[in-house]
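Hello,

Here is the structure I promised to pass on. My notes on one sheet and on the cavities follow below.

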Amino acid sequence: MMKKTLGIIILSMLWLMSCRHQESNSDSLLGGIDFANRKDLSDMKLSDLLTDYSIIELETNDSCLIGDNRGKYVKKEGIIYVKSFNEIMEFDKSGKFLRKLSRQGNGPEEYGSILDFEIVPGKDGKEIWIGSESGISRYDARTLAFIGRKDYEGFPSQIRYVNDTTFLVVSAGDKWFNAWSPEGKVRQRYFDEDQANSLRKISQFNNTGDRVFYQIEDTNEAVVYDPATDAFTMSKIFDAIPEVQTISGNREAMAKYGYLDFHKETDGLYDTMIYVRTSGGMSLAQLFRKDGSRTLILSRDGKTRVMDYDMENGGKANDIVPDINIRFLTTPVATDSDSGFLFILEPLDGDGDSNPRLLDVAKIL
């Protein structure tokens, strides 16, 4: 009996050591994907995957008509901020319009064309930081009062708050990724200018733990910033995705076909990961397969589902918003939420008469 018990204990220890070894060998940001267990979305309901959600109808009136549905949507602490051309509109969590920041101009308290914006915690509440060709301008998110301006050398085309001492800024130049302090100093620069991998991701920055990452083109590769070391590195996003676009493959194709033609010449040769998003312990990713189908990758706290679909069978599974084409799942709009994931439900070009509905997903799987 004692020998049997001892044997069980030894086997258990070996199993635990094996698990730890496997975990330590994972050199990706979000772990592995079991592509062998891919399912067809038509065999399920969409509500089985997006398990906790609400639909938000943004108020429509002459003061808050969103003219650019391709703008950026951010939800922070129950407030929804929307970039529409060169204005930032605010709605509450039910979709009621609250206020609008509209200060484009050349004056001391104005900004140029909005390249990007970020919601930043301040001493007296949230602030709206706007990146434009005139630098980075700060406004009180509640009163919309001007707070000040930060100079930035170059155009801050995308900005991300990391902590009180660090912002990440994507800008043109010899190095595209910059760790910038609010005092105006760029401490770290990373990723050489690369025409073959120059796509600015609309869905922008993501977090995994304390690290922040930015997907390069439609690949399974990302630039990663670690605030603990104040350093940038490169990493795979998932352990392995077969036949997916790569940074090196893009460079080889551009060298062969030229900048203007390499995307056209390589279309259909490999899969593309058009976006990846994270929130808490959850992640979503979308693959466009070279055969024309789609694959949705969902993960929460170690549980993963890989779902194949096309527009027809995916539409049959859409029990959440059956009046909307399921292509909303594939739309890589710049949506960010501190409580899950946001999707825009209306056509991206809009009808010009009403604001879009948002699908606010708090939990998946």
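**Strand 19 and its sheet**

Strand 19 and strand 20 (residues 282-288) run antiparallel, joined by seven bridges. Strands here are DSSP E runs of at least two residues, numbered from the N terminus, and two strands pair if DSSP finds at least two bridges between them. This is a predicted model: local features need pLDDT of at least 70, side-chain atom pairs count only at pLDDT 80 or more, and totals for chains, interfaces and linings use all residues. Residues are numbered from 1 along each chain as its sequence is written, and side-chain values use heavy atoms, without hydrogens and water.

Met-273 has Leu-287 of strand 20 as its bridge partner. Thr-278 stands opposite Ser-283. The two strands form a hairpin with two residues between them. Gly-280, in the turn, has a positive phi of about 60°.

The open sheet has five strands in the order 1-22-21-20-19, with mixed pairing. Strand 1 (39-40) and strand 19 are the edges, each pairing on one side only. Eight of the eight residues of strand 19 (residues 272-279) are buried (under 20% relative accessible area, 1.4 Å probe, protein chains only), so strand 19 is largely enclosed by the rest of the structure.

**Cavities**

A cavity is a set of points on a 1 Å grid over the protein atoms alone where a 1.4 Å probe fits but cannot get out. Volume is the space filled by probe spheres set on the points, which are joined across faces, edges and corners. There are three cavities of 30 Å³ or more. The largest has a volume of about 80 Å³. Strand 23 (334-337) gives the most to its lining, with three residues. The second largest holds about 50 Å³.

Best wishes

Key
Buried means under 20% relative accessible area, exposed over 50%, partly exposed in between (1.4 Å probe, protein chains only). Helices (H or I, at least four residues) and strands (E, at least two) are DSSP runs, numbered from the N terminus. On a 1 Å grid over the protein atoms alone, a cavity is a set of points where a 1.4 Å probe fits but cannot get out, and a pocket is an open set with protein on both sides within 12 Å along at least five of seven lines; lining residues have an atom within 4 Å of a point.
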